[in-house]
Amino acid sequence: MSSLSVSASGAAADAIARHVPALVGDSVASRLFEQDPTLWGPEAESEARIRLSWVRLPRSSRPLVGEIAALRDSFAEQGLTHVVLCGMGGSSLAPEVICATAGKPLVVLDSSDPDYVRRALEDDLAHTVVVVSSKSGSTVETDSQRRAYEQAFTDAGIDPASRIVVVTDPGSPLDKESRDKGYRVVNADPNVGGRYSALTAFGLVPSGLAGVDIEALLDDAEAVADLLAADDDANPGLRLGAAIGGTDPLRDKLVLVDEGSGITGFADWAEQLIAESTGKKGTGVLPVVVGGPDDPEVSRPPSDVTVSRLVGVDAESPSSGAASEVRVGGALGAQLLLWEVATAVAGRLLGINPFDQPDVESAKKAARELLDRGTAAAPEAAATDGAVEIRALGGSGDWLGDAQTVPAALDALFAQLDPERGYLAVMAYLDRLADADLAQCRAPLARRTGRPTTFGWGPRFLHSTGQFHKGGPPVGVYLQITTAPKQDLAIPGRDFTFGDFIAAQAGGDAAVLADHGRPVLQLHLTDHDAGLAQLREVLLAGGRA
């Protein structure tokens, strides 16, 4: 039997007291589980009508359990135990959390970085099964990764159809193409959006093939489904949704800190769900994933922050005295459904459609336009400091000034921060495994600026906080880090490389941010190793020389 706990204090508790009775009176929970598309207003109705099947997944996904087990056993008999997932956003983050929490190895290939992709291709290909996850197949990252694996298998004398499993919507272009090639295809529920797809085939196929007990995961979710569907003041989904989206004035930064939840990487999944669902029409809630309770956003939370503590199922977690705080506990399957419900409820309170992502599409379009022009060349550098080129985009006026060094350029960027509502986003278009320690700069930068700070790996974050950056409140400043790859990698059947592609993604992202008036500081490493060492030293010191 699964359980959930949601308790709050300060402004978050006030929001629960203010909004939950009205949510109960409007039968929001039961209407949600009845898939009522009118809950978010007329503008959202057409999209909501085809996006609400996630509420029934704990039961409707049951037939997948046996199908995935049979497939896993077949692969195991052939000695194929190295599972790689090609996917982006919701298609990759949920399986990553599910497998990490269960202690099952899964290689998640959610990058266009050529060095990252090459390492995955060269890792135990003889025993590799590849899951290609895409609703339509039009996601260029996933299509490129699939092409690379098809070529690698062919070059090794292996039939790709014997090693590739495709998860996609029924009737999609990818569905037809894959079946024509003889690939194994598992169809997902088409009436579920990517970030709500944890309990669909997108979350369950790679996790099950990696060895996770997906039936137990569904059991945990099903055990709380009736609780979350109840029009009751104690409904944890209504309570958490009110705490996220109902504070007055809105505390639009939700700091996610794990304090013994037992769920590995859950905050990264929740970040994508909340940011992409709520960041639009100039409003929304920015999730800020931190490393622990000593990080500045938790130990000294600013006035626009609600701290969300992820705790164990039975943990005693008294109030810390924070001005706004919510504490959430529960098993993984139960929490996946809980946070999906809470995000949908928060969307209603914020007056936005939680199921579209217009600004994710704008960044994709800008990247495609750069590729179509045959160039992703950046504008001329304003200055060069060692192995780092410095560029400034967006904002108002010549905010970079005469900065000639990386520390001076960072000073200029930080000067653009709103001291009451602003946030800093660090966007690193690097190899998130080989360069992982750069993420340690997040906390020092937050201490330096005194403002909530996020760290995202590109292009992965484009499918999560990327929506909030462009559609949310215009109060962010953006530090983009790019690099020349150590060795580029061709994409079979394409006239551009992985290096071209990630450069276009970074360029497109920066251009759309600049078009929205956001200040963007680009730091480009002309030599990966030398530039990264130089940048690491500065950023780990909080941006000071």
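This passage walks through the overall fold, the aromatic pairs and one buried aspartate of a predicted model.

Starting with the big picture, the chain is built from 21 helices and 16 strands. Its C-alpha trace covers about 60 × 60 × 40 Å when laid out along the principal axes. The radius of gyration is 22 Å, which agrees with the value near 24 Å that a compact globule of 545 residues would have. Burial points to a well-filled count too: 61% of the 545 residues fall in the buried class. As for how the chain folds back on itself, 77% of the contacts with a separation of 6 or more come from residues 24 or more positions apart.

On the outside, the accessible surface adds up to about 18900 Å², and carbon and sulfur atoms supply 48% of that. Charges are split into 47 positive and 75 negative side chains. Despite those numbers, the centres of the two sets sit just 2 Å from each other.

Turning to the rings, the chain holds 11 aromatic pairs. One of them joins Y429 and F461 in an edge-to-face arrangement, with 5.7 Å between the centres and 75° between the planes. This pair ties together distant parts of the chain, with the two positions 32 residues apart in sequence. Y429 sits in the loop that runs from strand 13 (423-428) to helix 18 (442-449), while F461 belongs to the loop between strand 14 (453-457) and helix 19 (465-471). Both Y429 and F461 are buried. A second pair, F496 with F501, is tilted instead, at 5.9 Å centre to centre and 50° between the planes. F496 and F501 are both buried as well. Elsewhere, ring pairs string W40, W54, Y196 and F355 together into a cluster.

The Y429 and F461 pair also leads to D509, since both rings turn up among the contacts of this aspartate. D509 lies in helix 20, which spans residues 498-515. With a relative accessibility of 0%, D509 is under the 20% cut-off and therefore counts as buried. Setting aside neighbours within four places in sequence, D509 touches M427, Y429, F461, L462, K470 and Q480. The list thus takes in a lysine, K470, alongside the two paired rings. Another acidic residue, D359, is 150 residues from D509 in sequence, yet the C-alpha atoms of the two are 10.0 Å apart in space.

Methods
Residues numbered from 1 in each chain as written. Predicted model: local features only at pLDDT ≥ 70, side-chain atom pairs only at ≥ 80, totals over all residues. Heavy atoms only, no water. Helix = DSSP H or I, 4+ residues; strand = E, 2+ residues; numbered from the N terminus. Rg over C-alpha atoms; globule rule 2.2 N^0.38 Å. Buried < 20%, exposed > 50% of the residue type's maximum accessible area, 1.4 Å probe, protein only. Contact = heavy atoms within 4.5 Å. Areas by Shrake-Rupley, 256 points an atom, 1.4 Å probe, with all protein chains shown as cover. Lys, Arg positive; Asp, Glu negative; His and termini not counted. Charge placed at Lys NZ, Arg CZ, Asp CG, Glu CD. Phe/Tyr/Trp six-rings, centres within 6.5 Å; stacked < 30°, edge-to-face > 60°.
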